[in-house]
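Hello,

Here is the structure I promised to pass on. Please have a look, then read my notes below.

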Amino acid sequence: MILGTDGADLSYRTLDYDVTATADGDLKVTEHIDIKLRKRKDDDGKTKPWRSAGIFPPP
């Protein structure tokens with residue numbers, strides 16, 4: 001797996017999982033993601049905002 005590149009607009013810094021087995025045999029999984037979002041420009045040179053599409057929590 002490759003995590004992050006120098007020229008990418010979006011790159012992962014870390015991707016960690018905490019997993020706990022419960023007494024009844026279920027798994028509780030918590031995912032921690034640290035990403036880097038660079039500024040992006042549209043065709044007119046204006047800053048192009050990132051859209052979460054439900055992936056990232058609202059600010």
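**The salt bridge and its surroundings**

Arg13 is exposed, because its relative accessible area is 51% and the class begins over 50%. Keep in mind that this is a predicted model.

Which residue does the side chain of Arg13 meet in a salt bridge? The partner is Asp34, at 4.0 Å from N to O. Asp34 counts as partly exposed, with 35% relative accessibility. That value falls between the limits of 20% and 50%, so neither of the outer classes applies to Asp34.

The pair links distant parts of the chain. Arg13 sits in strand S1, which covers residues 10-21. Asp34 belongs to strand S2, residues 27-37. The two residues are 21 apart. The count of salt bridges comes to one.

Now the chain as a whole. The protein chain has four strands and zero helices. From the N terminus on, the order is β-β-β-β.

How much of the chain is buried? Of the 59 residues, 3% are buried. The accessible surface of the protein chain comes to about 5,500 Å². Carbon and sulfur atoms hold 51% of that surface.

Last, the contacts. Take those in the protein chain with a separation of 6 or more. Residues 24 or more positions apart account for 25% of them.

Best wishes

Key:
Residues are numbered from 1 along each chain as its sequence is written. This is a predicted model: local features need pLDDT of at least 70, side-chain atom pairs count only at pLDDT 80 or more; totals for chains, interfaces and linings use all residues. Side-chain values use heavy atoms; hydrogens and water are left out. Buried means under 20% relative accessible area, exposed over 50%, partly exposed in between (1.4 Å probe, protein chains only). Contact means heavy atoms within 4.5 Å. Accessible areas come from the Shrake-Rupley method with a 1.4 Å probe; for residues, only the protein chains shown count as cover.
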